[in-house]
Amino acid sequence: MEEIFFVVDSMNGKLAKWIRILGYSVKYVPSEEDDSSILASLGEGVLITRDSELARKSIRRGHRTLEIPQNLEEALAVLSKDLGIKLRIDARKTRCPFCDTPLELVKRSDLGSELPREILRGHRKFLVCRGCGKVFWFGSHYWKMLSTLSKVRGRKTQLA
């Protein structure tokens with residue numbers, strides 16, 4: 001499967017984090033950027049936007065572009081259906097939702113003591129971002145994400 005790179009505009013910051021967690025690289029473009037700088041940053045990437053005008057400009061310039069709905073779950077379903085995005089979290093491929101660096105799976109013994117004791121006691125494996133230093137674990141947020149992805153897979157079948 002080809003490696004897909006995404007450019008996501010400022011209206012889709014939450015979606016950008018989800019795409020990174022699913023293991024795909026995303027350039028998130030802040031709101032200060034205008035349409036021309038967004039399109040210039042595309043390269044071989046795919047533009048993901050809710051902005052119809054930006055989508056039209058991008059398509060006219062020959063870029064791969066996907067205009068998505070506002071609802072996060074519907075947007076993830078469209079990404080999966082139209083671009084083949086896998087709706088599962090693979091700890092070996094996931095990226096930092098904040099800086100896009102690939103995360104490293106580590107054991108509790110490989111961490112320092114920077115996390116609260118109850119977190120260290122309750123988990124054996126962690127994901128570490130060597131880019132921004134954030135540490136993630138498989139807690140309640142992870143289980144909620146899995147539940148959301150399960151719902152999205154149901155929506156995807158309705159889109160067919």
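Visitor: What makes D51 a cap at the N-terminal end of helix 3?

Guide: In this predicted model, a side-chain oxygen of D51 lies 3.0 Å from the backbone nitrogen of E53. A polar contact requires a pair of N or O atoms within 3.5 Å, and the pair formed by D51 and E53, at 3.0 Å, therefore meets that limit. The helix that D51 caps spans residues 52-60.

Visitor: Which residues of helix 3 are buried, and how do you know that they lie on the same side?

Guide: The buried residues of helix 3 are L54, A55 and S58. They cover an arc of only 100 degrees around the axis, which is why they are placed on the same side of helix 3. As a general matter, an α-helix has 3.6 residues a turn, so residues three or four places apart point the same way.

Visitor: What do the buried residues of helix 3 pack against, and which residue with a positive phi follows the helix?

Guide: The packing partners are helix 2 (35-40), strand 3 (46-49) and strand 4 (64-67). After helix 3 comes G62, with a positive phi near 85 degrees.

Visitor: What about helix 1: which of its residues are buried?

Guide: In helix 1, the buried residues are L15, A16, W18, I19, R20 and I21. Just after this helix, G23 has a positive phi of about 105 degrees.

Visitor: Why is R20 called buried?

Guide: The relative accessible area of R20 is 8%. Buried means under 20%, so R20, at 8%, is classed as buried. Leaving aside neighbours within four places in sequence, R20 is in contact with ten residues named here in full: V26, K27, Y28, T94, R95, C96, P97, F98, C99 and D100.

Visitor: Where is D100, and is it called buried or exposed?

Guide: D100 belongs to the loop between helix 4 and strand 5 (103-107). Its relative accessible area is 12%; the limit for a buried residue is under 20%, and D100 is therefore buried. D100 also has a positive phi of about 75 degrees, although it is not a glycine.

Visitor: Why does S41 count as buried?

Guide: S41 has a relative accessibility of 19%. Since buried means under 20%, the value of 19% places S41 in the buried class. S41 sits in the loop between helix 2 and strand 3. Not counting residues up to four places away in sequence, S41 touches F5, V7, K27 and V29.

Visitor: Which backbone atom lies 2.7 Å from a polar atom of the side chain of S41?

Guide: That atom is the backbone oxygen of I38. The limit for a polar contact is 3.5 Å, and the distance of 2.7 Å between the two atoms falls within it.

Visitor: Why is P69 called partly exposed?

Guide: The relative accessible area of P69 is 25%. A residue is buried under 20% and exposed over 50%, so P69, at 25%, is partly exposed. P69 is found in the loop between strand 4 and helix 4 (72-83), and, apart from neighbours within four places in sequence, its contacts are R50, E74, A75 and V78.

Visitor: What makes L146 partly exposed, and where is it?

Guide: L146 is in helix 6 and has a relative accessible area of 26%. This value falls between 20% and 50%, and L146 is therefore partly exposed. The C-alpha atoms of L146 and R88 are separated by 7.5 Å, although these residues are 58 residues apart along the chain.

Visitor: What lines the largest pocket?

Guide: The lining of the largest pocket consists of 19 residues, of which I21, F136, H141, Y142 and M145 lie nearest its centre. The elements that each give two or more residues to this lining are helix 1 (13-21), strand 7 (135-137) and helix 6 (140-159). The pocket has a volume of about 480 Å³.

Visitor: Which kinds of residue make up the lining of the largest pocket?

Guide: The lining divides into 12 nonpolar, four polar and three charged residues.

Visitor: How many helices and strands does the protein chain have, and what share of its residues is buried?

Guide: The protein chain has six helices and seven strands, running β-α-β-α-β-α-β-α-β-α-β-β-α from the N terminus on. Of its 160 residues, 42% are buried.

Notes: Residues numbered from 1 in each chain as written. Predicted model: local features only at pLDDT ≥ 70, side-chain atom pairs only at ≥ 80, totals over all residues. Heavy atoms only, no water. Buried < 20%, exposed > 50% of the residue type's maximum accessible area, 1.4 Å probe, protein only. Helix = DSSP H or I, 4+ residues; strand = E, 2+ residues; numbered from the N terminus. Arc of directions from axis to C-beta. Contact = heavy atoms within 4.5 Å. Polar contact = N/O pair within 3.5 Å; in protein donor to acceptor, adjacent residues only side chain to side chain. 1 Å grid on protein atoms, 1.4 Å probe; cavity = no way out; pocket = protein on both sides within 12 Å on 5 of 7 lines; lining within 4 Å. Points joined across faces, edges and corners; volume = space filled by probe spheres on them. Nonpolar A, V, L, I, M, F, W, Y, C, P; charged D, E, K, R; others polar.
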